[in-house]
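Me: I'm new to reading protein structures, and I'd like a close look at a single part of this one. Could you walk me through the nonpolar core and then show me how its surroundings fit in?

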Amino acid sequence: MATLANTANIRKAAEVLFSSQSALSHQIKDLEQRLNTPLFIRNTSPVEFTKAGKLLLNLGEEILPKIKQVNAVLKAPSLFHCMRLGETGIHKKLYARYNKNSKQLDN
């Protein structure tokens, strides 16, 4: 939608997106059907967006950078480092004490 808004022409938008005009038209029609509303007025040059199309374009401009930010954060390797703790004597004693105390609570 943003590329279509920038180029104001389906053929030019398709070229920028390395797609065919037909494929882009089908994608837009599919989106319009899923949203159950037209997104732009056909047969106008330059392309003219409907109110729904303008709303979708504005929301996309707000949401897409946030989605990119979330993807970047989630793909950051530092989030997936974990620390493994080995079992030492103190851990065994603490676990045994916890186990003993939890059993006493059950009684």
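Reply: The largest nonpolar core in this predicted model has nine residues in all: Leu 4, Ile 10, Ala 13, Ala 14, Leu 24, Ile 28, Phe 40, Val 47 and Phe 49. Two elements each give two or more residues to this core, namely helix 2 (10–16) and helix 3 (21–35). Helix 2 gives the most, with three residues.

To see how one member of the core sits among its surroundings, pick out Ala 13. If you set aside the neighbours within four places in sequence, Ala 13 is in contact with Thr 3, Leu 4, Thr 7 and Leu 24. Two of these names, Leu 4 and Leu 24, will be familiar, as they belong to the core as well.

Now move along the chain to Thr 50. You will find Thr 50 in the loop between strand 2 (48–49) and helix 4 (51–75). Is Thr 50 buried or exposed? Thr 50 counts as buried because its relative accessibility is 17%, and the cut-off for buried is under 20%. Next, look at what the side chain of Thr 50 reaches. On one hand there is the backbone oxygen of Pro 38, at 2.8 Å; on the other there is the backbone nitrogen of Gly 53, at 3.1 Å. Leaving out neighbours within four places in sequence, Thr 50 is in contact with Pro 38, Leu 39, Phe 40 and Ile 41. Here is a link back to where we began: Phe 40 is one of the core residues.

From Thr 50 you can step into helix 4, where Leu 55 has its place. Leu 55 takes us to the surface: together with Leu 59, Ile 63, Leu 64 and Ile 67, Leu 55 makes a nonpolar surface patch of about 440 Å². So nonpolar residues turn up in the core and also in a patch on the surface.

Finally, zoom out to the whole protein chain. Five helices and two strands are present, and reading along the sequence gives the pattern α-α-α-β-β-α-α. The chain has 107 residues, of which 14% count as buried. About 9,100 Å² of the chain is exposed, and carbon and sulfur atoms supply 57% of that area. As for contacts between residues at least 6 apart in sequence, 32% join residues at least 24 apart.

How values were computed:
Residues numbered from 1 in each chain as written. Predicted model: local features only at pLDDT ≥ 70, side-chain atom pairs only at ≥ 80, totals over all residues. Heavy atoms only, no water. Core = buried A, V, L, I, M, F, W, Y, C linked by side-chain atoms within 4.5 Å. Buried < 20%, exposed > 50% of the residue type's maximum accessible area, 1.4 Å probe, protein only. Helix = DSSP H or I, 4+ residues; strand = E, 2+ residues; numbered from the N terminus. Contact = heavy atoms within 4.5 Å. Polar contact = N/O pair within 3.5 Å; in protein donor to acceptor, adjacent residues only side chain to side chain. Patch = residues over 30% accessible without salt bridge, like charges linked within 9 Å, V, L, I, M, F, W, Y side chains within 5 Å. Areas by Shrake-Rupley, 256 points an atom, 1.4 Å probe, with all protein chains shown as cover. Salt bridge = Lys/Arg side-chain N within 4 Å of Asp/Glu carboxyl O.
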